[in-house]
Amino acid sequence: MKKELITKAAHDLRAKYDERDPRRLCKLLGIGIADMAMGTEPRSIQALVVKSSRCYSIVLNSDLTTGQQYFVLFHEIGHVRLGHAAIAPCTCRDLFSSRQSAVMEIEANEFVAEYLMDTEDTLKALYSTDSFFEAASIMRVPPTIMDFKFRMLRYYNLIGREYGGRSVSSMESPAQAKSNCMQNLECGEDWKFAEYSDS
């Protein structure tokens with residue numbers, strides 16, 4: 001899928017609802033959520049999308065931290081909005097060996113970055129700090145999500161442009177997130193979101 005279509009899907013959804021609570025957004029979209037304990041082992045499933053007729057539900061691993069749940073839910077919403085869930089059950093776990101599955105995971109991660117991170121605000125954070133990790137902290141996202149936004153900025157040739165007399169053209173992303181980054185998302189118990197309740 002072209003990155004422009006991912007950006008449009010994320011921006012259109014944000015423009016329509018402006019909702020940063022993924023549970024409320026699911027309700028607005030008619031997507032059900034079923035919380036289920038699935039463990040915290042490295043290969044545990046984080047979440048998956050189930051489609052029945054034209055209805056979608058997300059089965060969410062309730063053993064995840066609040067921060068992990070927050071980003072994983074947006075990731076699954078991305079699968080639904082990008083049409084992945086119409087093809088096959090989508091999970092945040094790298095279950096499949098096919099390249100297409102890895103591509104769908106990357107696209108859902110790019111959707112999360114585009115939905116949650118305003119481009120101008122992200123550029124301001126990068127240019128004001130000259131630090132990838134500080135910018136991620138300012139934007140309230142894990143470094144892996146910041147990496148996907150950084151890739152989108154680079155794709156749109158926004159990295160390297162002058163902004164406030166400064167440029168980060170030589171900056172590289174130190175995170176190098178993989179398609180299955182949701183499997184080991186670094187969100188500790190201290191990640192709190194005023195706009196989100198995991199209950």
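**Fold, helix H2 and salt bridges in a predicted model**

Modeller: The protein chain holds seven helices and four strands. The coordinates come from a predicted model.

Biologist: In what pattern do these elements follow one another along the sequence of the protein chain?

Modeller: The chain is built from seven helices and four strands. Read in sequence order, the pattern is α-α-β-β-β-α-β-α-α-α-α.

Biologist: What share of the contacts between residues at least 6 apart in sequence joins residues at least 24 apart?

Modeller: The contacts considered here are those in the protein chain between residues at least 6 apart in sequence. Of these, the share that joins residues at least 24 apart is 73%.

Biologist: Which residues have the most contacts inside the largest nonpolar core?

Modeller: Of the 199 residues in the protein chain, 51% are buried. The largest nonpolar core contains 47 residues, and those with the most contacts inside it are Phe71 and Phe111.

Biologist: Which helix gives the largest share of this core?

Modeller: The core in question is the largest nonpolar one, with 47 residues. Its largest share amounts to seven residues, and they come from H3.

Biologist: Where do the buried residues of helix H2 lie around the axis?

Modeller: Helix H2 spans residues 22-29, and its buried residues are Pro22, Arg23, Leu25 and Cys26. Because they cover an arc of only 160° around the axis, they lie on the same side of H2.

Biologist: Which elements do the buried residues of H2 pack against?

Modeller: Two kinds of element receive them, helices and strands. The strands are E1 (32-36) and E3 (55-61). The helices are H1 (3-17), H3 (66-81) and H4 (99-116).

Biologist: Which residue caps the N-terminal end of H2?

Modeller: The backbone nitrogen of Arg23 lies 2.8 Å from a side-chain oxygen of the capping residue. That residue is Asp21.

Biologist: Which residue just after H2 takes a positive phi?

Modeller: Helix H2 covers residues 22-29. Just after H2 there is a positive phi of about 75°, and the residue is Gly30.

Biologist: How many salt bridges are there?

Modeller: Side chains of opposite charge can pair when their charged atoms come close. A pair counts when a side-chain nitrogen of Lys or Arg is within 4 Å of a carboxyl oxygen of Asp or Glu. By this rule, the number of salt bridges is seven.

Biologist: With which residue does Asp12 form a salt bridge?

Modeller: Asp12 is partly exposed, at a relative accessible area of 40%. Its partner also lies in helix H1, four residues apart from Asp12, about one turn of the helix. The closest N and O atoms are 2.5 Å apart, and the partner is Lys8.

Biologist: Is Asp147 buried or exposed?

Modeller: Asp147 forms a salt bridge with Arg151, with the closest N and O atoms 2.7 Å apart. The two residues are four apart in helix H7 (residues 143-155), separated by about one helical turn. Arg151 counts as partly exposed at 28% relative accessibility. Asp147 has 2% relative accessibility, and therefore counts as buried.

Biologist: Which residues do salt bridges that share partners join into one network?

Modeller: The network differs from a single pair in that its salt bridges share partners. One of its bridges links Arg24 to Glu19, with the closest N and O atoms 3.2 Å apart. Arg24 is partly exposed, with a relative accessible area of 44%, whereas Glu19 is buried at 13% relative accessibility. The residues joined into one network are Glu19, Asp21 and Arg24.

Key. Residues are numbered from 1 along each chain as its sequence is written. This is a predicted model: local features need pLDDT of at least 70, side-chain atom pairs count only at pLDDT 80 or more; totals for chains, interfaces and linings use all residues. Side-chain values use heavy atoms; hydrogens and water are left out. Buried means under 20% relative accessible area, exposed over 50%, partly exposed in between (1.4 Å probe, protein chains only). The arc is that of the directions from the helix axis to the C-beta atoms. Contact means heavy atoms within 4.5 Å. A polar contact is a pair of N or O atoms within 3.5 Å; within protein, one must be able to donate a hydrogen and the other to accept it, and residues adjacent in sequence count only if both atoms are side-chain atoms. A nonpolar core is a set of buried Ala, Val, Leu, Ile, Met, Phe, Trp, Tyr and Cys residues joined through side-chain atoms within 4.5 Å.
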